[in-house]
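User: I am new to reading sheets and the helices that pack on them. Could you take me through the features in turn, with the general idea before each case?

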Amino acid sequence: MKIFKLHFYKENSVFFWLILITIICVLSVTIYSKNRDEQSKKIKSSLENIYLKKIVKEITENLKPRYTVIEYTSKSGDTYQNIINKLDVKKSEKQIVIDTIKKEKALKLLKINQKFNFKLDNLTGKKVIEFVIETDKKNQIVFTRIAKKKTFKSKKIKKNFIKKLVYKETVITNSLYNSAINLGIKPNIIIEFARLYGFQVDFQRDVWKNDSFQIIYEEFINENNNVVDTGEIIFANLNLQDTDLQLYKYEYEKDKIEYFDENGKSIRKTLMKTPINGARLSSSYGKRKHPILGYTKMHTGTDFAAPTGTPIMASGDGKITKAGWCGGGGNCVKIKHNSTYQTVYAHMSKFGRGIKKGVRVKQGQIIGYVGSTGLSTGPHLHYEVIENGRKINSQKLKLPSGKILKGEDRKSFEVSKIKIDVLKSNLISKMN
Ligand SMILES: [Zn+2]
């Protein structure tokens, strides 16, 4: 009973307060409406107040992240200019960055797989406030903007990574890619491995079950013993039907690295057999029933089935003679490599950055992406090789090797090769 009473009084007091608040509200509304005109004028003028505008702008800008970080890894065919051009900043800003890079001796030569990191300040009309460029896997240069100036101060920093040489070997049971992944080899090493062998091996047809491979490559380990990055392939051997295809990394000139076989012959050829990674050869060169037209027709190229968007590489150095619509071929790119060879890449979904008629491309540079444009039943790359104006079978192409090491170069290569062989046996003995 007592409890009920208390409750009753409480409800009464709430009722009292409600009435009081209502009275206050009514009163204030009456007073306010009297000065309504004056008030609205005041509000209007304060909204137009430049300081308030500034504050509002700052608040909204603060809602967006102040800094944008852009990471990039250099690819074949890149220049500092085209990397910097990717940044969403003013032209004058780009020039400042370019000029800063040019002053740095250690960055004279842009290498493939060099890492870039840019920090943009979105608040000050998008300015680059810091950027980092790797000089090699263990060192980097940090450029910090001097406040409110158009210059950067630079500092060389050693990354705290330990370089480790890794040896892996296996028999191929399923696919080369799966066998490598099962061994714990990082995908970018597998891609590089496929690119290096892409000159001489057709992965679809030449690699059989029970073939094997060996590989030595660099790994970078941080203080927590985690692999943070991979470096270069030092040695590889692909054993196909009891034939060894060996390749040794060799620096034939300062900062110029190439891969040579055991006889000092460069593995690089004028053209690649497979200008695409991870693709399945779906239709080879020769007579076949056309999947869309229905009748038997000569298939003058090689088809590689791959998902839409898979990058397509220039199979050799050359000049683009067409990057546009080719009718049945859809979006296509044609490259003239020299007076003998031309290559064609058809059915692309889109072209690579900066790929247009007249542009020079490097072997391995991305020229476009797999698609199904033109007369096509599904995403694939139609690849043609033209030799002296005649279409030939790219998969049977026997191209002369590039560089052959002779004289002093050969001697120095032999020394480097022995070192790698010794390293290999050391790494193998540690495995057991
Ligand atoms: Zn085709």
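Analyst: What follows is a walk through the strands, hairpins and helices of this predicted model.

User: Where should I begin with a sheet, and in what order do the strands S1 to S5 lie?

Analyst: Begin with the order of the strands and the sense in which neighbours pair. Here five strands make an open sheet in the order S1-S2-S3-S4-S5, and the pairing is antiparallel. At the edges are strand S1 (67–73) and strand S5 (152–158), each of which pairs on one side only. Leaving direction aside, neighbouring strands of this sheet are turned by 15° against each other on average.

User: How many bridges link S4 and S5, and which residue stands opposite Asn-139?

Analyst: A pair of strands can be followed bridge by bridge. Strand S4, residues 139–145, pairs with S5 in the antiparallel sense over seven bridges, and Asn-139 has Lys-158 of S5 opposite. In a regular strand the side chains alternate between the two faces of the sheet.

User: Which strands does helix H5 lie across?

Analyst: For a helix on a sheet, look at the strands involved and at the angle. Helix H5 (residues 91–103) lies across S3 (127–136), S4 and S5, and its direction is at about 30° to S3.

User: What is the order of the strands from S6 to S10?

Analyst: This is again an open sheet of five strands, with the order S6-S7-S8-S9-S10 and antiparallel pairing. Its edge strands are S6 (162–171) and S10, each pairing on one side only, and the twist averages 25° from one strand to the next. S6 and S7 (residues 212–221) pair in the antiparallel sense over ten bridges, with Lys-163 opposite Phe-220 in S7.

User: Which helices should I look for on this sheet?

Analyst: Helix H7 (residues 187–197) lies across S7, S8, S9 and S10, running at about 40° to S8. Helix H8 (residues 407–431) also packs on the sheet, where it touches S6, S7, S8, S9 and S10, and its direction makes about 75° with that of S6.

User: What should I look for in a hairpin, and which residue between S8 and S9 takes a positive phi?

Analyst: Look at the pairing, then at the turn. Strands S8 (residues 227–240) and S9 (residues 243–253) run antiparallel and are joined by six bridges, one residue pair being Asn-237 and Gln-246. Two residues lie between the strands of this hairpin, and Gln-241 takes a positive phi near 45°. S9 is also joined to S10 (residues 256–260), antiparallel, by five bridges, and Tyr-248 stands opposite Phe-260. The hairpin of S9 and S10 has two residues between the strands as well, with Asp-255 in the turn at a positive phi of about 65°.

Key: Residues numbered from 1 in each chain as written. Predicted model: local features only at pLDDT ≥ 70, side-chain atom pairs only at ≥ 80, totals over all residues. Pairing = 2+ DSSP bridges. Helix = DSSP H or I, 4+ residues; strand = E, 2+ residues; numbered from the N terminus. Axes fitted to C-alpha atoms, helices over the stretch in contact; angles between N-to-C directions. Contact = placed C-beta atoms within 7 Å.
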